[in-house]
Amino acid sequence: MKLGIHEDTTNRKKLADLLRFHTSKSGEELISLKDYISRMKEGQKDIFYITGESRASVAASPFIESLRKKGYEVLYLVDPIDEYMVQQMKDYEEKKLKSVTKEGLELDETEDEKKKREEEKAKFEPLCKLMKDILGDKVEKVVLGTRIDESPCVLVTSEYGWSANMERIMKAQALRDSSTSSYMVSKRTLELNPRH
């Protein structure tokens with residue numbers, strides 16, 4: 001079915017209705033995308049997902065710390081085919097699918113939270129600049145993150161490049177095309193946790 005979503009544009013919507021996933025809230029139960037949408041937090045605009053090697057690895061990921069604490073549910077996409085599937089299935093029932101490991105993740109914030117974030121951004125700007133100078137070309141930029149709660153930092157990929165998991169899958173391919181991988185591998189953004 002997941003391969004069908006990647007290849008069959010005509011039946012993509014019908015196939016998407018049949019998909020089932022584990023999530024950060026589902027335990028051993030598999031849920032549909034319809035179930036996910038019915039359980040979304042009030043004001044939530046996107047369907048959040050994380051890709052990885054196993055349920056255990058994504059469940060322990062620092063990328064979902066803050067989302068879990070704020071009550072958001074995250075889909076666990078742990079089959080290698082999932083990476084290909086989400087490249088084609090950008091949305092479901094007018095809700096965008098958003099990777100929690102990529103740039104551009106926006107969570108609903110109160111006015112107080114926005115104000116606090118802007119104050120932290122100004123306060124930590126010299127540190128971010130210093131770290132970028134030290135790291136040089138190893139990262140594209142250093143910024144304050146909103147997705148982490150307990151970890152000191154995370155490396156996120158660009159919104160349109162490959163995820164770190166997709167890079168791992170492509171590196172494992174014996175007949176990979178190195179010209180393709182060179183432009184799809186994106187420089188990382190280092191996101192710091194100002195409260196660590």
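**Helix α7 and the sheet beneath**

Let's start with helix α7, residues 111-135, which lies across β6 and β8 and runs at about 155 degrees to β6. Keep in mind that this is a predicted model.

Follow α7 along its length. The helix has 25 residues and covers 33 Å from its first C-alpha to its last, close to the 36 Å expected at 1.5 Å a residue. It isn't straight all the way, though: there is a kink of about 50 degrees at F124, shortly before the proline P126. F124 also turns up among the buried residues of the helix, along with E120 and C128. What do the buried residues of α7 pack against? They sit against β6 and β8. Once you step off the end of the helix, look at G136, just after α7, which takes a positive phi of about 55 degrees.

Now for the sheet itself. It is an open one with 3 strands, in the order β6-β8-β7, and its pairing is mixed. The edges belong to β6 (139-144) and β7 (153-156); each has a single partner strand, so one side of each is left without a neighbour in the sheet. On average, and ignoring direction, neighbouring strands here are turned by 20 degrees against each other.

To see one of the pairings up close, go to β7 and β8 (residues 188-192). These two strands pair in the antiparallel sense, over 4 bridges. A handy spot to find on screen is L155, which stands opposite L190 in β8.

Key:
Residues are numbered from 1 along each chain as its sequence is written. This is a predicted model: local features need pLDDT of at least 70, side-chain atom pairs count only at pLDDT 80 or more; totals for chains, interfaces and linings use all residues. Side-chain values use heavy atoms; hydrogens and water are left out. Two strands pair if DSSP finds at least two bridges between them. Axes are lines fitted to C-alpha atoms, for helices over the stretch in contact, and angles run from 0 to 180 degrees between N-to-C directions. Contact means heavy atoms within 4.5 Å. The expected span of a helix is 1.5 Å times one less than its number of residues. The bend at a residue is the angle between axes fitted to the seven residues ending there and the seven starting there. Buried means under 20% relative accessible area, exposed over 50%, partly exposed in between (1.4 Å probe, protein chains only).
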